[in-house]
Amino acid sequence: MRTPLRPLSRRGLLSGTLGSAALLALGGGLAGCGTKGAQQTEAGCVSEDLSGTERKLVFSNWPQYLDVDEKDESKRPSLDEFVRKTGIAVTYTEDINDNNEFFGKVQHQLAACRSTDRDIIVLSDWMAARMSRLGWIQKLDPANIPNVRANLLSSLLNRSFDTENRLSIPWQSGLAGLAYNGNVTKELRTVDELLTRPDLKGRVTALSEMRDTMGLLLGAAGHDPANFTSAQFDDALTMLKKAVDSGQIRRFTGNDYAPDLAKGDIAACIGWSGDVVQLSGADEKIRFVAPDSGVMLYSDNMMVPNKATHKANAEQLINYYYEPAVAARLAAYVNYICPVKGAQAEMEKIDPELAANPLIFPDEALLSKSTLFMALDEKQEKEYEGKFQQVIGA
């Protein structure tokens, strides 16, 4: 059974009122990243694991990012099953509403090698890269997560910020690409069409998440979003500025574009695959497009922060969610890309239509078009976010 479009998805919260503009507002905190004492090392910040005597853990995640029982929303079937199987009590909190906001909550503790009172946190690739760069994340023991080694999609292996998959394990993944409502416009195929087609003028939105919007434009300009220069970024940004100045783009959004796209108030947009899966369940004329110039692949990642005291318990949970049957149950609810090999066959038993959906289980043709955005250092992060915010008027 199709899950209905939920009021605000996890990915939408990323770029809502506390989206990439918050990066500038948190400038003082970012500046602190480079100050003496913020950087930690494995030897200098040692964490004690009490999992052997304390059968519990604290798991911080985004809202609407775990399956719930639709008859009783206090129940979370997959997580409840983990507790029954392992005897590990899980305190589950939906207290991550934005990467930068959460960074602001925990940066002083982690910079000072103090506990955040959390054993698992779920953050997007670029924030996972930043925290890993700062030495704030504990290394996982591969022996404790054999399902990850066996079942993680090959497209998510060897990421630049965690080449050995020792620091961050994808919880869910997704694509940023194009979407259009076929009830109010003709087929859309390219980024250039989105930015210039006369019949779309004033009926287009783009994402306020810099990496997704600029990643697509970099690809459309013939550059590699995974490896680009400042001049190439500026080249792609010029394309965006022209579309803004001409009135082609109505506004920049989080996932609040979704209801407007469903109603036909906007005709086309840069959007996220999970949202479009939900929308297309109600109206098949709403479609996601992967242009030949490429789509952006992102993940939100489970990590164990420094001074977390239940790492082995956390590793049990990570390993559990890489069981294909469990991963399928989760994917049936959240509708993002499932990062677990073997889950598609399990999804056949739950919902054959979802099992056949390439936006949940991408085929090689779609994955071959997907790119991870280049990992940025602190200086690059400030430069590119600042330029982007100037153009979008945030």
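**Figure 1. Phe288 and Arg287 in strand E8 of the predicted model**.
Phe288 sits in strand E8. Its relative accessible area is 15%, so Phe288 is buried, the limit for that class being under 20%. Across the chain, Phe288 and Ala356 lie 68 residues apart, with 15 Å between their C-alpha atoms. Arg287 also belongs to strand E8, which covers residues 286-289. Is Arg287 buried or partly exposed? Arg287 has a relative accessible area of 45%, so this residue is partly exposed. The C-alpha atoms of Arg287 and Leu188 are 9.3 Å apart, although 99 residues separate the two in sequence.

**Figure 2. The disulfide of Cys45 and Cys113**.
The structure holds one disulfide. Cys45 and Cys113 form it, with 2.0 Å between their sulfur atoms. Which parts of the chain does the pair link? Cys45 comes from the loop between helix H3 (27-33) and strand E1 (56-60). Cys113 comes from the loop between helix H5 (99-111) and strand E3 (120-124). These are distant parts of the chain, 68 residues apart. The angle about the S-S bond is 95°, and the link is right-handed. Both cysteines, Cys45 and Cys113, are buried.

**Figure 3. Backbone at Cys113 and Asn158, two residues with positive phi**.
Most residues other than glycine have a negative phi. Cys113 has a positive phi, near 60°. Cys113 lies in the loop between H5 and E3. Its relative accessible area is 18%, so Cys113 counts as buried. Asn158 likewise has a positive phi, near 55°. The place of Asn158 is the loop between helix H7 (146-151) and E4. Is Asn158 buried or exposed? With a relative accessible area of 57%, Asn158 is exposed, because that class begins over 50%.

**Figure 4. Helix H18 from end to end**.
Helix H18 runs over residues 378-392, 15 residues in total. How far apart should its ends be? At 1.5 Å a residue the helix should span 21 Å, counting one less than its number of residues. The end C-alpha atoms are 21 Å apart, so the model agrees with the expected span. At the start of H18, a side-chain oxygen of Asp377 comes to within 3.2 Å of the backbone nitrogen of Lys379. Just after the helix, Gly393 takes a positive phi of about 75°. Several residues of H18 are buried, among them Tyr384, Gly386, Phe388, Val391 and Ile392. Glu385 and Gln389 are buried in H18 as well.

**Figure 5. Arg130 and Glu381, a polar contact between side chains**.
Arg130 is found in helix H6, residues 125-133. Its relative accessible area is 1%, so Arg130 is buried. Which residue does the side chain of Arg130 contact? The side chains of Arg130 and Glu381 are joined by a polar contact of 2.5 Å. Glu381 belongs to H18 and is buried there.

**Figure 6. The largest cavity and its lining**.
Rolling a probe the size of a water molecule over the atoms shows where empty space is left. How many cavities of 30 Å³ or more does the model hold? The count comes to one. The largest cavity has a volume of about 40 Å³. Its lining includes Pro170, Trp171 and Gln172. Met302, Tyr321, Tyr322, Ala327 and Leu330 also line the cavity, as do Pro339 and Val340. Strand E4 (169-181) and helix H14 (324-334) each supply at least two lining residues. E4 gives the largest share, three residues. By class, the lining has nine nonpolar residues, one polar and no charged.

**Figure 7. Cys269 and Cys338, two buried cysteines**.
Cys269 has 0% relative accessibility, so this residue counts as buried. What is the relative accessibility of Cys338? The value is 1%, so Cys338 counts as buried too.

Terms used: Residues numbered from 1 in each chain as written. Predicted model: local features only at pLDDT ≥ 70, side-chain atom pairs only at ≥ 80, totals over all residues. Heavy atoms only, no water. 1 Å grid on protein atoms, 1.4 Å probe; cavity = no way out; pocket = protein on both sides within 12 Å on 5 of 7 lines; lining within 4 Å. Points joined across faces, edges and corners; volume = space filled by probe spheres on them. Helix = DSSP H or I, 4+ residues; strand = E, 2+ residues; numbered from the N terminus. Nonpolar A, V, L, I, M, F, W, Y, C, P; charged D, E, K, R; others polar. Buried < 20%, exposed > 50% of the residue type's maximum accessible area, 1.4 Å probe, protein only. Polar contact = N/O pair within 3.5 Å; in protein donor to acceptor, adjacent residues only side chain to side chain. Disulfide = S-S within 2.5 Å.
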